[in-house]
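Hi,

Here is the structure I said I would pass on. Have a look at it first, and my notes follow underneath.

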Amino acid sequence: MQDRYNDIKNAQGEIIAYYVKMQKNMTDTNEITQANQYIKSVQSAMHAAKGFKDIQHNTNELLQSGNDLKFQQFALFSNIIQKNLLQFTVLLNK
């Protein structure tokens with residue numbers, strides 16, 4: 001998980017560096033607006049990746065829990081997330 005997070009973090013840094021260089025040459029307001037939306041998306045993705053990294057220990061704890069209620073809640077939330085990711089993937093492919 002940490003390696004993937006570091007890869008995402010490095011990619012974000014490269015995207016932001018490119019964005020800064022590209023921004024100097026942009027004059028069209030529509031291009032600027034679109035580029036700003038893209039960079040906000042990159043930042044949101046980075047925050048999401050950090051969130052996943054930060055909760056990894058909680059996930060491991062719940063998976064190893066002897067408490068049936070905790071395990072059932074984790075399974076329920078996992079199923080909901082999987083369904084949402086599947087729907088998101090379908091939308092992205094359209």
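**What I found**

D54 and K50 sit four residues apart in helix α2, about one turn of the helix. Keep in mind as you read that this is a predicted model.

Let me stay with that pair for a moment. The side chains of D54 and K50 form a salt bridge, with 2.7 Å from N to O. Side chains of opposite charge can pair when their charged atoms come close. D54 has a relative accessibility of 32%, so it counts as partly exposed. K50 is partly exposed too, at 38%.

What else does D54 meet in a salt bridge? The side chain of K53, at 3.1 Å from N to O. K53 has 22% relative accessibility and therefore counts as partly exposed, since the buried class covers values under 20%. Because the salt bridges share partners, K50, K53 and D54 are joined into one network. The count of salt bridges comes to two.

Next, the helix packing. Two packed helices are described by the angle between their axes and the distance between the axes. For helix α2 (residues 29–63) and helix α3 (residues 68–93), the angle is about 125 degrees and the axes are 8 Å apart. How do α2 and α3 lie relative to each other? They are oblique, because an angle of 125 degrees falls outside the ranges for roughly parallel (under 35), roughly perpendicular (65 to 115) and roughly antiparallel (over 145).

If you want to find the contact on screen, pick T59, L62 and L63 on the α2 side, and K70, F71 and F74 on the α3 side. By type, the residues of this contact divide into four nonpolar, one polar and one charged.

Now to helix α1, which covers residues 2–23. Q12 belongs to helix α1. Is Q12 buried or exposed? Its relative accessibility is 18%, so Q12 counts as buried, with the cut-off for that class at under 20%. Setting aside neighbours within four places in sequence, Q12 is in contact with V42, Q43 and M46.

G13 is also a residue of helix α1. At 37% relative accessibility, G13 counts as partly exposed. From G13 to V42 the sequence separation is 29 residues, and their C-alpha atoms are 9.9 Å apart in space. V42 is one of the residues that Q12 contacts.

Two residues of helix α3 are also on my list. L92 lies in helix α3 and is exposed, with a relative accessible area of 58%. Its C-alpha atom is 22 Å from that of Y5, and the two residues are 87 apart along the chain. L86 is in helix α3 as well, and at 56% relative accessibility it counts as exposed. Between the C-alpha atoms of L86 and Y18 there are 31 Å, with 68 residues separating the two along the chain.

Last, the confidence. The protein averages a pLDDT of 86, and 99% of the residues score at least 70. Which element has the lowest mean pLDDT, and which the highest? Helix α3 has the lowest, at 85, while helix α1 has the highest, at 90. Where pLDDT is low, the predicted coordinates should not be read in detail.

Best wishes

Terms used: Residues are numbered from 1 along each chain as its sequence is written. This is a predicted model: local features need pLDDT of at least 70, side-chain atom pairs count only at pLDDT 80 or more; totals for chains, interfaces and linings use all residues. Side-chain values use heavy atoms; hydrogens and water are left out. Axes are lines fitted to C-alpha atoms, for helices over the stretch in contact, and angles run from 0 to 180 degrees between N-to-C directions. Contact means heavy atoms within 4.5 Å. Ala, Val, Leu, Ile, Met, Phe, Trp, Tyr, Cys and Pro count as nonpolar, Asp, Glu, Lys and Arg as charged, and the others, Gly among them, as polar. pLDDT is the predictor's confidence in each residue, from 0 to 100. A salt bridge is a side-chain nitrogen of Lys or Arg within 4 Å of a carboxyl oxygen of Asp or Glu. Buried means under 20% relative accessible area, exposed over 50%, partly exposed in between (1.4 Å probe, protein chains only).
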